[in-house]
Amino acid sequence: MQQGYLITGTDTNAGKTWATLALMQAFKRQGKTVVGMKPVASGCRIEGGKLKNEDALLLQAHASISVDYELINPYAYERPISPHLAGKDNPVDLALLKSRFLQLQALADIVLVEGAGGWYAPINAREDISDLALAFGLPVILAVAVKLGCINHAKLTAQAIASKGLRFAGWIAVCNDPDMVCAEDNVSTIQSALDAPLLGVIPYQPSADLNALHRFINLDAL
Ligand SMILES: Nc1ncnc2c1ncn2[C@@H]1O[C@H](COP(=O)(O)OP(=O)(O)OP(=O)(O)O)[C@@H](O)[C@H]1O
Ligand SMILES: C[C@H](N)[C@H](N)CCCCCC(=O)O
Ligand SMILES: [Mg+2]
């Protein structure tokens with residue numbers, strides 16, 4: 001059965017890409033074919049004459065099949081700023097993105113779509129990531145950056161996902177702050193507060209093997 005998830009975060013830099021790679025690897029180990037999509041990326045460099053984004057390249061590299069870059073990342077903006085500003089001259093067309101998403105869905109069992117920024121990050125003058133999730137009709141997985149303030153950010157985002165009428169399928173704790181005190185207690189507090197399963201805790205790893213993140217994910221709860 002074809003499945004997909006929208007991976008959002010408590011903020012930009014929350015750990016969405018790491019969480020998405022971990023999920024891709026976990027699904028692959030279940031024998032499923034998986035592709036990742038980064039529909040809108042701001043912060044790109046020229047590679048082979050085209051603008052490319054580091055997250056999208058990672059998703060492309062970890063897919064279980066070969067997919068054209070343009071399908072994975074239809075909107076690649078150079079400046080690392082909010083997409084609605086970066087894309088002023090070539091704004092996101094959500095209908096076009098939806099058609100690319102449907103193309104990807106036809107290619108693999110699972111499509112994991114990484115958002116940009118947090119849940120309400122604007123993708124053009126009128127729409128944001130929550131609108132994209134709704135248009136794609138996807139359940140949502142939240143990457144929570146385990147840092148001071150994360151309890152509030154996680155609860156706010158969970159409430160906002162519910163207000164869109166979308167299913168909150170689960171959350172992943174990403175420990176990307178080496179100075180975080182009481183990380184485990186914070187994860188437990190969020191676990192009690194959220195009405196969605198904890199799918200994994202990715203520990204702080206200054207030099208991680210990005211091919212071995214599946215170890216931290218439990219898909220049984222999904
Ligand atoms: N478990 C970890 N241990 C150490 N560093 C981490 C860990 N997880 C993520 N990071 C680092 O934290 C930063 C943010 O992670 P990531 O790129 O996954 O966030 P993001 O939400 O995808 O960001 P963006 O909004 O730019 O897409 C990156 O520099 C990444 O290398
Ligand atoms: C450049 C950065 N890494 C992301 N790609 C874009 C983050 C947009 C955040 C917008 C906002 O909510 O203020
Ligand atoms: Mg990312």
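## Helices and confidence

A helix here is a DSSP run of H or I that covers at least four residues, and helices are numbered from the N terminus. Keep that in mind for H6, the helix we start with below.

You're looking at a predicted model. The protein chain has an average pLDDT of 97, and 99% of its residues score at least 70. For the complex, the predictor reports an ipTM of 0.99 along with a pTM of 0.98.

## Helix H6 and its buried side

Helix H6 runs over residues 129-136, and its buried residues are Ile129, Ser130, Leu132, Ala133 and Phe136. These sit on the same side of H6, because the arc they cover around the axis is only 160°.

What do the buried residues of H6 pack against? Their partners are three strands, E1 (3-9), E7 (110-114) and E8 (140-145), plus the helices H5 (94-105) and H7 (150-163). Right after H6 comes Gly137, with a positive phi near 65°.

## Two residues with an unusual phi

Most residues other than glycine have a negative phi. Asn13 goes the other way, with a phi near 70°. You'll find Asn13 in the loop that links E1 to helix H1 (16-29). Asn13 counts as partly exposed because it has 15 other C-beta atoms within 10 Å, and that class lies between the exposed limit of 12 or fewer and the buried limit of 20 or more.

Cys182 is another non-glycine residue with a positive phi, this one about 60°. Its loop runs between strand E9 (168-174) and helix H8 (183-193). Is Cys182 buried or exposed? Cys182 is exposed, since 11 other C-beta atoms lie within 10 Å of its own and the exposed class takes 12 or fewer.

## Around ligand 1

Ligand 1 has 18 residues around it, and the closest are Thr12, Lys16, Thr17, Trp18 and Asn176. Which element gives the most to this shell? That's H1, which supplies three residues. Sorted by class, the shell around ligand 1 holds eight nonpolar residues, eight polar ones and two charged ones.

## Around ligand 2

The residues surrounding ligand 2 are Thr12, Ser42, Gly43, Pro80, Ser82, Ala116, Gly117, Gly118 and Ala121. How many of the residues in this shell are charged? There are no charged residues around ligand 2; the shell has six polar and three nonpolar ones. Thr12 is worth a second look: it is among the closest residues to ligand 1, and it's also in the shell of ligand 2.

Notes
Residues numbered from 1 in each chain as written. Chains lettered and ligands numbered in written order. Predicted model: local features only at pLDDT ≥ 70, side-chain atom pairs only at ≥ 80, totals over all residues. Helix = DSSP H or I, 4+ residues; strand = E, 2+ residues; numbered from the N terminus. Arc of directions from axis to C-beta. Contact = placed C-beta atoms within 7 Å. Near = placed C-beta within 6 Å. Nonpolar A, V, L, I, M, F, W, Y, C, P; charged D, E, K, R; others polar. pLDDT = per-residue confidence, 0-100.
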